[in-house]
Amino acid sequence: MKRSSENFVILVDVGNTSAAVGLSADGRITCRGRLLTSSSTAANIRKLLLRLVGRRSVTAAVLCSVVPGVNRRWLRALKLCVGNNVILVSHKTRLGLKIRYPRPQTIGPDRLADACGAAYCYGVPVVVADFGTAVTIDVVSRAHEYIGGVIAPGPAVMTDCLAQRTALLPKISTAGPCGSIGKSTVEAMRIGAVIGYRGLVREITGHVLKGMGRKAIKLCATGGYAEEALRGLDLPFIVDPDLTLRGLWRIYELNWRSR
């Protein structure tokens, strides 16, 4: 097999449910993979990286993780690929943004990557929503400042919580018909989850935009539940499934290429 002449960067976003991995040489995500966070053993991580990297030349890696318990395994596997050329994202990392937040060390690295990617790809001011296990909404001001955001339960958390905390309600999928009035327990729960979640997103977004003055503010969204959560809403969100990985590439550019 012919070896690629491009030098790739490994981009890793470890979330509560799964880890997304991408390869990029120029900001364009050319190869993707995913691994359940609960299955992030050293062997599984190595297997995924080997499959994605193949014979490509990789020079650096950027790791963004909200699950500290698996960080050591990911760092060890990445260092086997790129040596010590690994950037672990934190509030101390160059983001191309100022952080105007009382305790910046408490901001999730994924939120910082999202804010960095949204500001770089779509401009400022921008509101970015990441629909995962939790939905996080983050705000970058016109002055390129990260100024905070909102955290709420994700769609799956809402339905799982009902099943776990009640004796008679089942675990459901939000996929399927969603009428006006439920004719079964499952239908009733689905309406509550789907329509109720749209209301949550609409109200939170409106609240944030009102606080920002509603003037030419861009809206972008990412995460596994983004399409589902925004379906039927009259909010002009740009949905970018690779936004977090794009943010990690931008962080690589700011921190590694400037050395």
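Here's a quick briefing on charges, contacts and backbone oddities in this structure. Keep in mind that you're looking at a predicted model. It holds six salt bridges, and three of them get a closer look below. There's also a patch of positive charge on the surface, a buried acid without a salt bridge, and a cis peptide bond.

**Salt bridges**

- Let's start with Asp138 and Arg111, whose side chains meet in a salt bridge, at 2.6 Å from N to O. This pair ties together distant parts of the chain: Asp138 sits in strand 8 (residues 134-140) and Arg111 in helix 3, 27 residues apart.
- Are these two partners buried or exposed? Asp138 has just 1% relative accessibility, so it counts as buried. Arg111 comes in at 6%, so it counts as buried too.
- Next up is the salt bridge between the side chains of Asp160 and Lys171, with 3.9 Å between N and O. Here again distant parts of the chain are linked, with Asp160 in helix 4 (residues 155-165) and Lys171 in the loop between helix 4 and helix 5 (185-212), eleven residues apart.
- Asp160 counts as partly exposed because its relative accessibility is 21%. Its partner Lys171 has 62% relative accessibility, so Lys171 counts as exposed.
- Then there's Arg250, which pairs up with Glu253 in a salt bridge; their closest N and O atoms are 3.2 Å apart. Both residues belong to helix 7 and are three residues apart, or about one turn of the helix.
- Arg250 is partly exposed, at 22% relative accessible area, whereas Glu253, at 19%, counts as buried. Those values fall on either side of a cut-off: buried means under 20%.

**The positive patch**

- Which residues gather in the patch of positive charge on the surface? They are Arg46, Arg72, Arg73 and Arg76.
- Helix 2 (residues 71-82) supplies the largest share of that patch, with three residues.
- Take Arg72, which is found in helix 2. Its relative accessible area is 64%, so Arg72 is exposed.

**Helix 3: Asp114 and Ala118**

- Asp114 lies in helix 3 (residues 109-122). This residue is buried, yet it has no salt bridge.
- How far away is the nearest side chain of opposite charge to Asp114? That side chain belongs to Arg111, and it is 7.3 Å away. A salt bridge needs a side-chain nitrogen and a carboxyl oxygen within 4 Å of each other.
- Leaving aside residues up to four places away in sequence, Asp114 touches Val128, Asp130, Thr222, Leu243 and Thr244.
- Ala118 is another residue found in helix 3. With a relative accessibility of 0%, Ala118 counts as buried.
- What does Ala118 touch, not counting residues up to four places away in sequence? Its contacts are Gly123, Val126, Val128, Cys220 and Leu243. Val128 and Leu243 turn up among the contacts of Asp114 as well.
- For a sense of scale, the C-alpha atoms of Ala118 and Ser173 are 30 Å apart in space, with their positions 55 residues apart along the chain.

**Asn255 in helix 7**

- Asn255 is found in helix 7 (residues 243-255). It counts as buried because its relative accessibility is 14%.
- Its contacts, beyond residues up to four places away in sequence, are Ile87, Thr93 and Arg94.
- Asn255 and Gly123 are 132 residues apart in sequence, and their C-alpha atoms are 20 Å apart in space.

**Backbone oddities**

- Most residues other than glycine have a negative phi, and most peptide bonds are trans. Two spots here go the other way.
- Where is the cis peptide bond? It runs from Val124 to Pro125, with omega near -5°. Pro125 is found in the loop between helix 3 and strand 7 (126-131).
- His144 isn't a glycine, but it has a positive phi of about 60°. You'll find His144 in the loop between strand 8 and strand 9 (145-153).
- With 37% relative accessibility, His144 counts as partly exposed.

Methods: Residues numbered from 1 in each chain as written. Predicted model: local features only at pLDDT ≥ 70, side-chain atom pairs only at ≥ 80, totals over all residues. Heavy atoms only, no water. Patch = residues over 30% accessible without salt bridge, like charges linked within 9 Å, V, L, I, M, F, W, Y side chains within 5 Å. Areas by Shrake-Rupley, 256 points an atom, 1.4 Å probe, with all protein chains shown as cover. Lys, Arg positive; Asp, Glu negative; His and termini not counted. Charge placed at Lys NZ, Arg CZ, Asp CG, Glu CD. Helix = DSSP H or I, 4+ residues; strand = E, 2+ residues; numbered from the N terminus. Buried < 20%, exposed > 50% of the residue type's maximum accessible area, 1.4 Å probe, protein only. Contact = heavy atoms within 4.5 Å.
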